Amino acid sequence: MEASNPGAAPSERILADGHAFEAFEWRIVTEEGADWVMEMEITPRVVNSLGALQGGLLATLIDSVGGMALLQGDLAGPRHVTSELQISFLAAARVGPVRAVAHILHRGRKSAVVRVDVRDVGADDLFVATGTLRFALMSGEAAGSARGEAEESAAGSAGGEAAAG
């Protein structure tokens, strides 16, 4: 599965080949009134020792669906990064698929807030978790600058270690 930004040049990729997300069996679905919806199968690759969807992977699903909701309808808009994530785990998801439904609650110039509700569709729509995410919004220039600074910092650290070694 190659994920790319439909509004970008064909060569611009969001996720690399072999990315961890390829372990998930997920698909985009529609639900009236939602800003973005995905379903994910519960397979042996994503469950914990009790046979329920592993909590960290559920958090990843919530974060991913919240972020995708911000890309919809505004692909040329600002890049975003998760700055805060609060999740309430309410029940174990064991049957599947789980459905994550995002609703954008606020979108300003510098931040956005998204709520993502997760239900176990195969378990009579059991409410599994709810997450509230705050995203920092950055202009393309600021996002590139932040990425460049991170790369320079990493290169500097690597160079320092090599010189010390």
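# A guided tour, starting at Asp-124

Select Asp-124. This residue counts as exposed, because its relative accessibility is 76% and the cut-off for exposed is over 50%. The model you are looking at is predicted.

**Stop 1: the loop between β5 and β6**

Stay on Asp-124. It sits in the loop that links β5 (111–120) to β6 (126–138). Check its backbone: phi is near 55°, a positive value in a residue other than glycine. Most residues other than glycine have a negative phi.

Now add Asp-125. This residue is in the loop between β5 and β6 too. Its phi is near 60°, again positive without being a glycine. Is Asp-125 buried, partly exposed or exposed? Asp-125 has a relative accessible area of 39%, so it is partly exposed; that class runs between 20% and 50%.

**Stop 2: a cis peptide bond**

Move to Gly-96 and Pro-97. The peptide bond joining them is cis, with omega at about 0°. Most peptide bonds are trans. Pro-97 belongs to the loop between β3 (79–89) and β4 (98–107).

**Stop 3: the sheet**

Select the strands and step back. In what order do the six strands lie? Across the open sheet, the order is β1-β2-β4-β5-β6-β3, and the pairing is antiparallel. Look at the edges next. β1 (26–28) and β3 each have a single partner strand, so one side of each has no neighbour in the sheet. From one strand to the next, the twist averages 25°.

Strands of a sheet pair through backbone hydrogen bonds. Two pairings are worth a look here.

- Show β2 (36–40) with β4. Five bridges join these antiparallel strands. Pick Glu-39: it stands opposite Arg-99 in β4.
- Show β4 with β5. How many bridges hold this antiparallel pair? There are nine bridges between β4 and β5. These strands form a hairpin, with three residues between them. Select Arg-107 and find its bridge partner, Ala-112 in β5. Then select Val-101, whose bridge partner in β5 is Asp-117.

**Stop 4: the helix across the sheet**

Select residues 55–71. This is helix α1, which lies across β1, β2, β3, β4, β5 and β6. Against β6, the helix runs at about 50°.

Check its length. The helix has 17 residues, so at 1.5 Å a residue it should span 24 Å. The C-alpha atoms at its ends are 25 Å apart, which agrees.

Next, colour the buried residues of α1. Among them are Leu-58, Leu-61, Ile-62, Val-65, Leu-70 and Leu-71. Smaller selections to add from the buried set include Ala-59, Gly-66, Gly-67 and Ala-69. What do these buried residues pack against? The buried residues of α1 pack against β1, β2, β3, β4, β5 and β6.

Finish at the N-terminal end of the helix. Gln-54 caps α1 there. Show its side chain: one of its oxygens lies 2.7 Å from the backbone nitrogen of Gly-56.

**Stop 5: the aromatic pair**

A search of the whole structure finds one aromatic pair. Select Phe-24 and Trp-26. Their ring centres are 4.9 Å apart and their planes meet at 70°, so the pair is edge-to-face; over 60 degrees is the cut-off for that class. Are these two residues buried or exposed? Phe-24 and Trp-26 are both buried.

How values were computed
Residues numbered from 1 in each chain as written. Predicted model: local features only at pLDDT ≥ 70, side-chain atom pairs only at ≥ 80, totals over all residues. Heavy atoms only, no water. Helix = DSSP H or I, 4+ residues; strand = E, 2+ residues; numbered from the N terminus. Buried < 20%, exposed > 50% of the residue type's maximum accessible area, 1.4 Å probe, protein only. Phe/Tyr/Trp six-rings, centres within 6.5 Å; stacked < 30°, edge-to-face > 60°. Pairing = 2+ DSSP bridges. Axes fitted to C-alpha atoms, helices over the stretch in contact; angles between N-to-C directions. Contact = heavy atoms within 4.5 Å. Expected span 1.5 Å × (residues − 1). Polar contact = N/O pair within 3.5 Å; in protein donor to acceptor, adjacent residues only side chain to side chain.
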